[in-house]
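Please open the structure in the viewer and keep the sequence panel visible beside it. Each stop of this tour names a selection and then describes what is found there.

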Amino acid sequence: MALPPVLRDRLRLPVIASPLFIISVPDLVIAQCKAGIVGSFPALNARPASLLDEWLHRITEELAEWDRDHPERPSAPFAVNHIVHKTNDRLEHDLEASTRWKAPIVITSLGAREDVNAAVHSYGGVVLHDIINDRFGRKAVEKGADGLIAVAAGAGGHAGQLSPFALVQELREWFDGPIALSGSIANGRAILGAQAMGADLAYMGSAFIATQEANADQAYKDMIVASSGDDIVYSNLFTGVHGNYLKPSIVAAGMDPDNLPQSDPSKMNFGSGGNQKSKAWRDIWGCGQGIGAVKGVPTVAEYVDKLSDEYEQAKAELATKTSLTSGRVLMAAE
């Protein structure tokens, strides 16, 4: 499973930090890229729309400066996330901006379109499309996506319901391109586990909310540290698309997390229009099931250091177990 150079040659860890609505801002993205993982942000986070050009300028220039000063450990590439859905009236504007700045990676969500992919390919960019099942994966690749982000059960925000084992297995039956796996990945051991299942990269989001550079309320960060997988609620009430949310934030908003009504999927809202429903992103906090691994609020650099140590330790332990197992098999054969 060959990765394109942009996803192969400049990563310290096989990790993409997922785009977090409101939370992913240039400070977070730049810190993630400097730490050696792909940093990303939703284009819709830049408000007003004219701010997107400034963000892309700053990210591009600061990473270029870092690379000049640190040739021994250059930054990882960054990614821009576009919501490809009819409710996003900024798509054309935002795509033009990311194309002008030649964003190395573009993550598309909630709709696959050939014209969007063609715009990214026009300057050599890579398109990764997030999907929750095999059918959506096939459609994305047919329309020109270079890779897939498998959003499995347990992922933060808009998550699927399939086990990561099932989802990656089905995708790998026909797709040999890049796959990033999302769903409860919050430590180095889980990153290696994603690769063992057949993914190339881990797609991590919730744990980065509880970092110092994240544009999140301190109460949000503290709630993640204090919570575990049992504190996650799966609902489509807040945007029309099913996703995972922190139960204590639902309680704080005056709702019963065990008796939430269903929303009409045709009324999907992602905060782009500024209406009342966009308050969900401020008051109801999205989060994945893997947060039991989050024990504090470090800097991004400190957290990636920890992930790297855990990842290398997990690889060493796996190698030892494999060696012992092979030894037992040889002894039995004799």
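Which residue caps the N-terminal end of α7? Select Asn187 together with Arg189: a side-chain oxygen of Asn187 lies 3.3 Å from the backbone nitrogen of Arg189, and Asn187 thereby caps this end of the helix. The model is a predicted one, and every distance quoted on this tour is to be read in that light.

**First stop: helix α7**

Extend the selection to residues 188-197, which form helix α7. Colour Gly188, Ile191, Leu192 and Ala194, which are buried. These residues lie on the same side of α7 because they cover an arc of only 150 degrees around the axis. A general rule helps in reading such a pattern: an α-helix has 3.6 residues a turn, so residues three or four places apart point the same way. After the helix comes Gly198, which has a positive phi, near 120 degrees.

**Second stop: the sheet**

Now display the strands alone. Eight of them form an open sheet with parallel pairing, in the order β1-β9-β8-β6-β5-β4-β3-β2. Why is one side of β1 and of β2 left without a neighbour in the sheet? Select residues 15-17 for β1 and 39-42 for β2: these strands stand at the edges and have a single partner strand each, so one side of each remains free of a neighbour. On average, neighbouring strands of this sheet are turned by 25 degrees against each other, direction ignored.

Add helix α1, residues 26-35, which packs on the sheet and touches β1, β2 and β3. The direction of α1 makes about 160 degrees with that of β2. Helix α4 also packs on the sheet, where α4 touches β4 and β5; the angle between the directions of α4 and β5 is about 145 degrees.

For one pairing in detail, select β6 (residues 147-151) and β8 (residues 179-182), which run parallel and are joined by four bridges. Within this pair, Ala150 has Leu181 as its bridge partner.

**Third stop: strand β4**

Select residues 105-109. Is this strand, β4, mostly covered or mostly open? Five of its five residues are buried, so to speak of β4 as mostly covered is justified by the definition of buried, under 20% relative accessible area. Ile105, Ile107 and Ser109 are buried on one side, and Val106 and Thr108 are buried on the other. In general, the side chains of a regular strand alternate between the two faces of the sheet.

Next, show the strands that pair with β4. Strand β3 (residues 78-83) runs parallel to β4 and is joined to it by five bridges, with His82 and Thr108 as bridge partners. Strand β5 (residues 126-131) is also parallel to β4, through four bridges, and here Thr108 stands opposite His129. With helix α3 (residues 91-100), β3 and β4 make a right-handed β-α-β unit. Another right-handed β-α-β unit consists of β4, helix α4 (residues 114-121) and β5.

**Fourth stop: Ser109**

Centre the view on Ser109, which lies in β4. Ser109 has a relative accessible area of 6% and is therefore buried. The side chains of Ser109 and Asp130 are joined by a polar contact of 2.9 Å. Among the residues that Ser109 touches, leaving aside those up to four places away in sequence, are Asn81, His82 and His129.

**Last stop: helix α9**

Finally, select residues 218-226, helix α9, whose buried residues are Tyr220, Lys221, Met223 and Ile224. Seen down the axis, they fall within an arc of 160 degrees, so they line one face of α9.

Technical notes
Residues are numbered from 1 along each chain as its sequence is written. This is a predicted model: local features need pLDDT of at least 70, side-chain atom pairs count only at pLDDT 80 or more; totals for chains, interfaces and linings use all residues. Side-chain values use heavy atoms; hydrogens and water are left out. Buried means under 20% relative accessible area, exposed over 50%, partly exposed in between (1.4 Å probe, protein chains only). Helices (H or I, at least four residues) and strands (E, at least two) are DSSP runs, numbered from the N terminus. Two strands pair if DSSP finds at least two bridges between them. A crossover is right-handed if, with the strands pointing away from the viewer, the path from the first strand over the helix to the second runs clockwise. The arc is that of the directions from the helix axis to the C-beta atoms. A polar contact is a pair of N or O atoms within 3.5 Å; within protein, one must be able to donate a hydrogen and the other to accept it, and residues adjacent in sequence count only if both atoms are side-chain atoms. Axes are lines fitted to C-alpha atoms, for helices over the stretch in contact, and angles run from 0 to 180 degrees between N-to-C directions. Contact means heavy atoms within 4.5 Å.
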